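User: Please walk me through the helix packing and the nonpolar cores of this model. Keep it brisk.

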Amino acid sequence: MKRGHQVVLFAVLLLSLTILSPSFDFRGSQLNQERNSEKDAFPNTSSRSEDQHAPLEIVVSMSETDFKSFKKMANEVATSQHVEISLRNLEPVTYKRVLDNKFSVGESGDIILLDSAEVQYHAKKGHLYPLNGTTLSKSLGETVVGLREMTEWNGYQWGMPFDFDAYVLAARSPFLDEAGLAGLPENKEQWIKLVQQATQDGTDLISINSNDLHAVSAWLNQFEPGMAPDKIKKAQTSSQTEAYQQIIQLLDQIQSHITAESINPMIFSSDEQKGTPMVVTLLSRLLSGDKAVAGDQRSSEKIALSALEPLRSRSLVIAAGSLEAEEASRWIEGMTSSTVQSEWHQQANYLPAKQQELDLESQKLITKYDTTDVKSWFPAESSQAVLTESPILTSAFQKKIQQLLAGEITANQYVKSIIALQSSSK
């Protein structure tokens with residue numbers, strides 16, 4: 001056979017082998033390099049594809065005390081739902097970095113306990129897995145409507161409400177009686193009566209955590225039309241100058257009767273002769289404080305309380321990059337069952353997100369405290385007063401608020417400085 005015919009025949013045979021062997025890959029080491037680089041960039045994703053039995057990674061950020069209770073319940077639910085889990089409790093700074101930077105590269109874990117007010121933001125970014133098509137679709141309807149609305153976007157549900165807490169204005173009922181009030185103050189005149197009573201008793205009027213911007217903002221915004229930075233910003237374009245002047249005068253009178261603390265304060269009975277008769281604190285802290293003195297006669301003194309907006313809620317979400325959505329939804333369903341919701345409330349003092357369990361706890365609160373039904377704590381219109389300013393601006397706001405509470409600047413100076421900060425940031 002001629003040499004030229006041999007070359008042609010060899011080419012035909014090689015082509016035939018290529019067609020008959022589609023799995024044969026001529027890229028060789030190049031493909032392996034691509035896979036290795038992909039593994040480096042997306043370690044969680046690649047490991048999941050190689051090991052379908054990898055445990056569900058659950059990420060939270062909470063106190064060690066809360067995490068101890070959460071971990072116990074989480075493992076019990078995992079056993080009952082036949083799933084394997086791995087829990088990570090991150091420090092707030094690390095947790096924020098995970099949310100900000102790692103959602104998009106698949107390193108955020110499978111399930112995250114997320115602030116409900118942030119769910120819509122991450123859903124719009126494509127970071128979350130919609131829950132409508134999972135086993136959670138039915139139990140979603142059993143959650144509190146006001147909390148569920150926070151996790152809805154574009155016709156889908158992106159988070160399962162887990163629990164919530166509320167900043168409350170709390171006062172010793174006997175102190176309110178002495179001032180001639182039937183309940184917590186609702187207007188300028190009633191606040192002035194309380195200032196006068198505190199002066200007569202030789203004590204400050206109210207304690208508040210000056211380091212908690214959310215707590216102070218919640219309190220300031222109860223003075224209509226609102227004195228927190230977010231409300232002052234809106235008022236610049238409204239005709240509420242006179243109303244603000246009234247509140248500025250009131251805050252100047254209250255200012256010298258404020259005790260600024262570094263943590264959310266406790267409320268003490270009048271027998272203990274310490275602390276102030278009123279506090280702004282988290283309901284969970286108030287409840288835990290009452291449990292600490294359970295059985296003591298001092299705890300029988302009535303406390304009046306009302307919730308301040310906004311409520312602080314947390315939801316369980318599934319990361320979009322998770323390959324274990326079915327197992328994740330089963331575990332979440334177990335964690336939001338009636339039994340676990342009730343146990344979590346007993347252990348950590350956060351209110352349950354399931355409507356039936358919340359109704360039960362609401363009745364207990366009404367019996368124990370001078371307060372209204374929890375249903376009234378949810379605004380008619382969804383209100384998510386989330387601080388969305390830059391960290392630098394938020395820090396500047398907090399400094400001005402601390403100066404106001406410490407009496408270093410007047411209420412009028414505070415308002416002007418907030419407006420100036422907002423204008424300079426544009």
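**Helix packing and cores**

User: At what angle do the axes of helix α13 (residues 241–255) and helix α19 (residues 411–424) cross, and what does that make α13 relative to α19?
Analyst: This is a predicted model. The axes of α13 and α19 come within 8 Å and cross at roughly 125°. Angles over 145 degrees would count as roughly antiparallel, and 65 to 115 as roughly perpendicular. The crossing therefore makes α13 oblique to α19.

User: Which residues form this contact, and how do they divide by type?
Analyst: α13 brings Gln 245, Ile 248, Leu 251 and Asp 252. From α19 come Ala 411, Asn 412 and Val 415. By type, the contact of α13 with α19 has four nonpolar residues, two polar and one charged.

User: Which members of the largest nonpolar core touch the most other members?
Analyst: That core has 48 residues. Leu 205 touches Phe 175, Val 195, Ile 254 and Pro 277, among others, leaving out residues up to four places away in sequence. A second, separate core has 30 residues, including Val 60 and Met 335. In the largest core, the members touching the most others are Trp 191, Leu 205, Trp 219, Met 278 and Tyr 414.

User: How wide an arc do the buried residues of helix α16 (residues 338–348) cover?
Analyst: The buried residues of α16 are Val 340, Gln 341, Trp 344, His 345 and Ala 348. Residues three or four places apart in an α-helix point the same way, because there are 3.6 residues a turn. These buried residues lie on the same side of α16, because they cover an arc of only 135°.

User: Which residue follows α16, and what is its phi?
Analyst: Asn 349 comes after α16. Its phi is positive, near 75°.

Technical notes
Residues are numbered from 1 along each chain as its sequence is written. This is a predicted model: local features need pLDDT of at least 70, side-chain atom pairs count only at pLDDT 80 or more; totals for chains, interfaces and linings use all residues. Side-chain values use heavy atoms; hydrogens and water are left out. Axes are lines fitted to C-alpha atoms, for helices over the stretch in contact, and angles run from 0 to 180 degrees between N-to-C directions. Helices (H or I, at least four residues) and strands (E, at least two) are DSSP runs, numbered from the N terminus. Angles under 35 degrees count as roughly parallel, over 145 as roughly antiparallel, 65 to 115 as roughly perpendicular and the rest as oblique. Contact means heavy atoms within 4.5 Å. Ala, Val, Leu, Ile, Met, Phe, Trp, Tyr, Cys and Pro count as nonpolar, Asp, Glu, Lys and Arg as charged, and the others, Gly among them, as polar. A nonpolar core is a set of buried Ala, Val, Leu, Ile, Met, Phe, Trp, Tyr and Cys residues joined through side-chain atoms within 4.5 Å. Buried means under 20% relative accessible area, exposed over 50%, partly exposed in between (1.4 Å probe, protein chains only). The arc is that of the directions from the helix axis to the C-beta atoms.
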